[in-house]
Amino acid sequence: MFMGKNCWKSIPDCLANWRHQVASSETVVHAEQKGSCCNGCLEENKLCQCIDDCEVGEKEVVEHDHATNANSSFGHSVINMVGMLIGLGQLSTPYALQNGGWASVFLLVGLGIVCAYSSHLLGRCLDKNPKLMNYSDIGYQAFGTKGRVLATSFIYLEIFMALVSYTISLHDNLTIAFFGLKLRSITNLGLSTSQSLTVVAVLVALPSLWLRDLSSISFLSSGGILMSFVIFTTVACTAIFRLGGVTANRGIPILRIDNVPAISGLYIFSFAGHIVFPDIYKGMKDPSRFTKVSIVSFSFVTMLYTALAFMGAKMFGAEVNSQITLSMPRSLIVTKIALWATVLTPMTKYALEFAPFAMQLERNLPHHMRPRTKMMVRGGIGSLLLLAILGLALSVPYFEYVLSLTGSLVSVGICIIFPCAFYTKVFLVQNLKTPFGSQCDTHSSSFYHQVIQQ
């Protein structure tokens, strides 16, 4: 009877421990092992302490894995995030501002704030369960298999459409940069000069897809950020010094409400990058600073977008192109610099955009496969996908439509809707009903039955 008393007294603690252990969707095996540990304690007339031991052991394993794999400093993380955010958005913001009116800049800034906050929510979800590795894992923790399938589908769709947009931009700017150049030997194969140059540029960028470490990819991100600075500087110099007879005195309408839905897609795409944020979080030496990384990165990018949008719209007005570099006077040296910077930007983006797919692919490969073999498989599949994207981009060269469609259809879900839904489910709903509730009830019923028999 003394043993029965102790067991009755420990029931709330055991049940509380069970509830705590089901926070992650990937702990089914561990949960079953803990259940068997509890039954073993009952058979030996001992108090249940196995769950605590298992929890400590798992926590130590997670911390050890993080200490081994995390090697990105605060600066590296900011570079990776800014490098992921900045890019095609800065090219299209003048076009979006001119078509939406200067009042639409409040929409741009507001979306930047919302996306920064949603990245913070993703960080909170990752804080709650250190075993989560990527965006899809967060979806699984919140909504189970359906959440994973939905998140993964949107991720791959956004990667695909973003890479198509980058390649279209690469083609458009190469056409102007090499205006008048003829490549007869390649033209005989059925490709135009601009298409041939785009193929060569993509082939040059292919080796970057084989990179795995985020610290190495941050080197390419640094190049992308540098190119973005160059583009911003060339546009600013053209506006300030009135190069090529361009004066920044064009009128910008106050608001064109009928164009707001279309430009919203362009604006939201400018802040797309959330699919990589869990990888950046996992790569940080100190993940507790992830929110600060988000604030710094989004603040910088939003200010740059706003300034560039007004300069481009004031210089070219209604004649502004969907890519600001295509509107600049072709005879200027700064224009040639801006064109080449725009050409290099997509080439530095391929690796970082492809990182989530590459990491997920590597995790799905057999564990017994050698690291070198995994690298060959990951790089080979990535190269084939990029070549397929190249073919599609050359067939559908409509930059602003692809970009707006991507933002309105895909990016708004990944950047805003999904993070809010994941956070709400994980922190406000999950404690009420867990995926292992039936297992907990089964074990607790067995617990009561054996105690009553005693």
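This short presentation walks through helix α7 and several of the elements around it. Please keep in mind throughout that the model is a predicted one.

I begin with a single residue, S136, which lies in helix α7, spanning residues 135-177. Is S136 buried or exposed? Its relative accessibility is 7%, so S136 counts as buried, the limit being under 20%. The side chain of S136 makes a polar contact of 2.8 Å with the side chain of T152. If neighbours within four places in sequence are left aside, the residues in contact with S136 are R148, A151, T152 and I155.

From S136 we can move to the cavities. The structure holds 5 cavities of 30 Å³ or more, and the second largest has a volume of about 90 Å³. Two elements, α7 and α14 (333-364), each give two or more residues to the lining of that second largest cavity. Which residues form this lining? They are N134, Y135, S136, T152, I155, Y156, I275, P356, F357, Q360 and R363. Both partners of the 2.8 Å polar contact, S136 and T152, therefore appear in the lining of the second largest cavity. Helix α7 supplies the largest share of this lining, with 5 residues. By character, the lining residues divide into 6 nonpolar, 4 polar and 1 charged.

Next, the aromatic residues. The structure holds 11 aromatic pairs. One of them joins F154 and F418: the ring centres are 5.0 Å apart and the planes stand at 70 degrees, so this pair is edge-to-face. F154 belongs to helix α7 and F418 to helix α16 (residues 399-429), so the pair ties together parts that are 264 residues apart in sequence. With regard to accessibility, F154 is partly exposed, at a relative accessible area of 23%, whereas F418 is buried, at 11%. Ring pairs also link F154 and F418 with Y135, F143 and F422 in a cluster. Y135 thus has a place in this cluster and also in the lining of the second largest cavity.

I turn now to helix α15 (residues 371-395), where I389 is found. I389 has a relative accessible area of 4% and is buried. Which residues does I389 touch, not counting those up to four places away in sequence? They are F160, L163, V164 and T167. In addition, the C-alpha atoms of I389 and M161 are separated by 8.6 Å, although these two residues are 228 residues apart along the chain.

Another element to consider is helix α11 (residues 260-270), whose buried residues are I263, G265, L266, Y267, I268, F269 and S270. Against which elements do the buried residues of α11 pack? They pack against α4 (74-85), α5 (88-100), α6 (105-128), α7, α13 (290-316) and α16. Helices α7 and α16, which pack against the buried residues of α11, are also the helices that hold F154 and F418.

My last point concerns backbone geometry. Most residues other than glycine have a negative phi. R242, however, has a positive phi, near 55 degrees. Where does R242 sit? R242 is in the loop between α10 (214-240) and α11. At 57% relative accessibility, R242 counts as exposed, in contrast to S136, which is buried at 7%.

Terms used:
Residues are numbered from 1 along each chain as its sequence is written. This is a predicted model: local features need pLDDT of at least 70, side-chain atom pairs count only at pLDDT 80 or more; totals for chains, interfaces and linings use all residues. Side-chain values use heavy atoms; hydrogens and water are left out. Helices (H or I, at least four residues) and strands (E, at least two) are DSSP runs, numbered from the N terminus. Buried means under 20% relative accessible area, exposed over 50%, partly exposed in between (1.4 Å probe, protein chains only). A polar contact is a pair of N or O atoms within 3.5 Å; within protein, one must be able to donate a hydrogen and the other to accept it, and residues adjacent in sequence count only if both atoms are side-chain atoms. Contact means heavy atoms within 4.5 Å. On a 1 Å grid over the protein atoms alone, a cavity is a set of points where a 1.4 Å probe fits but cannot get out, and a pocket is an open set with protein on both sides within 12 Å along at least five of seven lines; lining residues have an atom within 4 Å of a point. Grid points are joined across faces, edges and corners, and a volume is the space filled by probe spheres set on the points. Ala, Val, Leu, Ile, Met, Phe, Trp, Tyr, Cys and Pro count as nonpolar, Asp, Glu, Lys and Arg as charged, and the others, Gly among them, as polar. Rings of Phe, Tyr and Trp (its six-membered ring) pair if their centres lie within 6.5 Å; planes under 30 degrees apart count as stacked, over 60 as edge-to-face and the rest as tilted.
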